[in-house]
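Thanks for passing this one along. Here are my notes on the ligand site and on one strand, in the order I would go through them.

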Amino acid sequence: MSITPLMPVYPRCGFRPVRGEHCHLIGDDGRRALDFASGIAVNALGHSHKGLIGAIQRQAETLMHCSNLYGSPQGERLAQRLVDLTFADTVFFTNSGAEAVECAIKATRAYHQHGGNADRFEIVTFNQAFHGRTLATISASSQEKMHKGFLPLLPGFKYVEFNDLDAARAAIGPNTAGFLVEPIQGEGGIRVATQEFLGGLRALCDEHDLILALDEVQCGYGRSGTFFAHEQYGVVPDVVAAAKGIGGGFPLGACLATEKAARGMVIGAHGSTYGGNPLAMAAGEAVLDAFAAEDILANVRDKSAKLVSRLEQFIGNYPELFEEVRGRGLLLGLKLKVEPRALVEHLRDSHGLLTVSGGDNTLRIVPPLVIDDSHIDEFMDKLSAGAASYPQEPTGK
Ligand SMILES: *Cc1c(COP(=O)(O)O)cnc(C)c1O
């Protein structure tokens, strides 16, 4: 038997975290690392946040789980708060980002099928997108590395170039149901949608009665400096998938929709055993409480401005390593001239700094949204030391 008990689908590294303290992780060997990965943009409040821990403890002692067949005062409260904070009129809670995107896909199809347009099932998505790892969400992504071994894909998706409005327009046909797009591609390499592109997709949706579904699983929930990234564009979506930061580390996702877009999501149309259970709702409420009490959106904007200006000064020292700084808020990327994985490893193993690699040769910088100036100083010190000691190899370009 050579397969590991944990199914070996991840290239797991030697750092084995056993404890989290605010913006640091501590490994089982006692090593301490600055966490600018945040469980891939999940630990919005950092680790060991008192309010979040207390809320989960209290709810666990009161009622952990019950069926969605019963009334849900906990779910009603969190849904109402999200409706008050956003474009949405209604919310479906899930356990993950992929499930939130699945719900967005189902709502998009159901919108047309409920309206008597069974032909309109095709969703246009964009190259380098990441929407999750279920069969529908890998089918929604053009990335072949995620398809390998899992064919056939679910039909009904068409891929076009990101930030290419003409291509999006040309993709519309008699079967088109809507667009599914990340306002800022995360795993694809921190690629920010242009105003013209996102605004143009909205206009196309209005013109052709299509659903504009946004995948804000990574860029949403304060990460970009506004509660949702689309707010910065003045674009009102029909459907939004959220997750990652929404539970502050507790598994939770949500599909938000307008009343019109949710017209097909009627009784019996969708469901989830765990989705929106009382424990998850308590975590979700604690995250929103912290957002308000700690003015997290203002902190994201302030720390982002400081971090971006320091990074922009810094990368000039290493023109052979770094090409540019990308992103919004605390969803930042360094576009590299070298392969990102090796640099991520070097920063982690030799300098105690956690970052994440992304597509398009980027190193993702996604710290907790609660960092203060000292964490920026520590980050820049570690990054500088890491860049200075990085083995210089010919890059072939
Ligand atoms: C992480 C991510 C997902 C998938 O979320 P899971 O919780 O891993 O299922 C979907 N879309 C985007 C943009 C993501 O970043």
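**Notes on the ligand site and strand 5**

1. A polar side-chain atom of Gln218 lies 2.8 Å from an oxygen atom of the ligand, a polar contact in the sense of a pair of N or O atoms within 3.5 Å. Taken alone, the ligand exposes 380 Å², and the protein buries 80% of that (accessible areas by the Shrake-Rupley method with a 1.4 Å probe).

2. Before going further: this is a predicted model, in which local features need pLDDT of at least 70 and side-chain atom pairs count only at pLDDT 80 or more, while totals for chains, interfaces and linings use all residues. Residues are numbered from 1 along each chain as its sequence is written, and side-chain values use heavy atoms, with hydrogens and water left out.

3. Asp215 places a polar side-chain atom 2.7 Å from a nitrogen atom of the ligand. Ala98 uses its backbone instead: a polar atom there is 2.7 Å from a ligand oxygen atom.

4. The residues surrounding the ligand (a heavy atom within 4 Å) include Ser96, Phe130, His131, Glu182 and Lys244. The shell divides into 3 nonpolar, 5 polar and 3 charged residues.

5. Now to strand 5, residues 122–126 (strands are DSSP E runs of at least two residues, numbered from the N terminus). Glu122, Val124 and Phe126 point one way and Ile123 and Thr125 the other, and all are buried, that is, under 20% relative accessible area with a 1.4 Å probe, protein chains only.

6. Strand 5 runs parallel to strand 7 (residues 176–181), joined by 3 bridges; Val124 has Phe179 as its bridge partner there. Strand 5 also pairs in the parallel sense with strand 6 (residues 157–160) over 4 bridges, where pairing takes at least two DSSP bridges. Phe126 stands opposite Val160 in strand 6.

Note on methods
Polar contact = N/O pair within 3.5 Å; in protein donor to acceptor, adjacent residues only side chain to side chain. Nonpolar A, V, L, I, M, F, W, Y, C, P; charged D, E, K, R; others polar. Buried < 20%, exposed > 50% of the residue type's maximum accessible area, 1.4 Å probe, protein only.
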